[in-house]
Amino acid sequence: MIECATVYCNNSACFTFKICPTSINKTTERCNGKSENEMKNGDEERISKYSYVSPLCMSGGDGYNSYSTNSLLQRRVLSKAKPVLVKNTKELMINLNFPTYIKVADLGCSSGQNTFLAMSEIINTVNVLCQQRNQNPPEIDCCLNDLPNNDFNTTFKFIQFFNEKNITSKESYFVSGVPGSFYSRLFPRRSLHFVHSSYGLHWLSKVPEGLKKSKMSVYITNSSPLSTYKAYLNQFQTDFATFLKLRSEEMVSNGRMVLTFIGRNTIDNPLHRDCCHFWTLLSRSLRDLVVEGLVSPSKVDSFYIPFYDPNEKEVKEVVQKEGSFEIKDLETHGYDLGHCNQDESKRSKSGKNEANYIRAVSEPLLVAHFGDAITNILFNKFACHVSQHASCRNKTTVSIVVSLTKKKLSSCP
């Protein structure tokens, strides 16, 4: 049974929060390796040793260290993906012959003002297109999804800002929150028309199994064994294929998706990550704490980031092999945290800004594994390391934007 409680309504929009017990339990199973019922049975030895993955979410609230305050990069990424988003929204409306109702989902919405940027573009694009074509605008059901630990309350606070500042036309739209893992079913079959996800799908459902000791590196490095890369790649392939399969069940024929990943350039060495890669710098910062006796080596050795940055080829291969969707657009954009061209006098500030960004996306994971006593000193170290590499221009990291259309199957009504 799904329980709904209305949180906010006005003349043109209604904001609700949906609690989906099935999705929450599936998320727990993904993260911890077993269901809630199994854990209650006391079979604790089978729980994944990477149980710190279960609280995966961005830092909540709207304070100094929050994701809401430290998400300028994501805003830039959304801006670069805007042309693809607008193009696919228009094509969806035309191909579906201007339906009277559409359901849109933003998967991995996180919290803060950025949450509403993609929805605003979709709503405004639909309204402008309908005006241009002399069509009645549809009612739009806007579903915001993230894991249950996400700070939906902070997102709710921005609904008034969303209505007043972002929407150019006050036609009917309805906004709801849907907590649950996008690696599980979230919506009824053939109910979604458009899916958007930005900077969510590079987060894996769990840390890959069978990783060798990391030598105090939290992610893939030049010195990692090739088996580490293969384990991460296999987990990404499994997770992304699962995501595509589940969305194909939930979407109407000819439905559209626009997905943005943190990715990497296609290079010969799959282990290569440049000197200023954010997880490389986090590893160095943790090693600093080991040297100072603040963290044990074994504690760092057992910590891995549940993250994978695919290249274009790897994204294409999963889409083609899974088979439910056709690729319409595939673009890459340079990844720039804004400090590459700054002079030395500004590098200290650049380092602090990047440290705040990485802290906002990783602090819940770090606290779950290391506790909260080290976070301030850890990210002070991180800021120093960024400043040392602030002139690095040879970045291998990119944003990958892909748009997909659900294939029309002859067996579908």
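# Helix 8 and selected residues

Helix 8 is largely enclosed by the rest of the structure, because 10 of its 14 residues are buried. The structure is a predicted model. This briefing covers helix 8 and its crossing with helix 12, then two loop residues with positive phi, then the cysteines, and last Thr260 and Leu117.

**Helix 8 itself**

- Helix 8 runs over residues 278-291. From its first C-alpha to its last it reaches 20 Å, close to the 20 Å expected for its 14 residues at 1.5 Å a residue.
- The buried residues of helix 8 begin with a run from the start of the helix: Phe278, Trp279, Thr280, Leu281, Leu282 and Ser283. Ser285, Leu286, Leu289 and Val290 are buried as well.
- After helix 8 comes Gly293, a residue with a positive phi, near 75 degrees.

**Helix 8 against helix 12**

- Helix 12 covers residues 375-388, and its axis comes within 9 Å of the axis of helix 8. The two axes cross at roughly 125 degrees.
- An angle of 65 to 115 degrees would count as roughly perpendicular and one over 145 as roughly antiparallel; the crossing therefore makes helix 8 oblique to helix 12.
- The crossing of helix 8 past helix 12 is right-handed.
- On the helix 8 side, the residues that meet helix 12 are Phe278, Leu281, Leu282, Arg284, Ser285, Leu286, Asp288 and Leu289. On the helix 12 side, the residues met are Ile377, Leu378, Phe379, Lys381, Phe382, His385 and Val386.
- Several names occur both among the buried residues of helix 8 and among its residues that meet helix 12, including Phe278, Leu281 and Leu289.

**Loop residues with positive phi**

- Phe98 is a residue other than glycine, yet its phi is positive, near 50 degrees. Phe98 sits in the loop that joins helix 3 (72-95) to strand 3 (101-107).
- With a relative accessibility of 12%, Phe98 counts as buried, because the cut-off is under 20%.
- Tyr199, also a residue other than glycine, has a positive phi near 55 degrees. The loop that holds Tyr199 lies between strand 6 (192-198) and helix 7 (226-250).
- Tyr199 has a relative accessibility of 8% and so counts as buried.

**Cysteines**

- How many disulfides does the model contain? The count comes to 0.
- Cys142 is in no disulfide. The nearest cysteine sulfur to that of Cys142 belongs to Cys143 and is 7.5 Å away, whereas a disulfide would need the two sulfur atoms within 2.5 Å.
- Cys142 counts as buried, at 1% relative accessibility.
- Cys130 is buried too, with a relative accessible area of 1%.

**Thr260 in strand 7**

- Thr260 belongs to strand 7, which spans residues 251-264. At 2% relative accessibility, Thr260 is a buried residue.
- Which residues does Thr260 contact, leaving aside its neighbours within four places in sequence? They are Val77, Ala81, Ser197, Ser198, Tyr199, Gly200, Ser399, Ile400 and Val401.
- One of these contacts is Tyr199, the loop residue with a positive phi near 55 degrees.

**Leu117 in helix 4**

- Leu117 is in helix 4, which covers residues 117-132. Its relative accessible area is 18%, so Leu117 is buried under the 20% cut-off.
- Leu117 and Arg75 are 42 residues apart in sequence. In space, their C-alpha atoms are 8.1 Å apart.

Definitions and conventions:
Residues numbered from 1 in each chain as written. Predicted model: local features only at pLDDT ≥ 70, side-chain atom pairs only at ≥ 80, totals over all residues. Heavy atoms only, no water. Helix = DSSP H or I, 4+ residues; strand = E, 2+ residues; numbered from the N terminus. Expected span 1.5 Å × (residues − 1). Buried < 20%, exposed > 50% of the residue type's maximum accessible area, 1.4 Å probe, protein only. Axes fitted to C-alpha atoms, helices over the stretch in contact; angles between N-to-C directions. Parallel < 35°, antiparallel > 145°, perpendicular 65-115°, else oblique. Left-handed = near helix turned anticlockwise from the far one by under 90°. Contact = heavy atoms within 4.5 Å.
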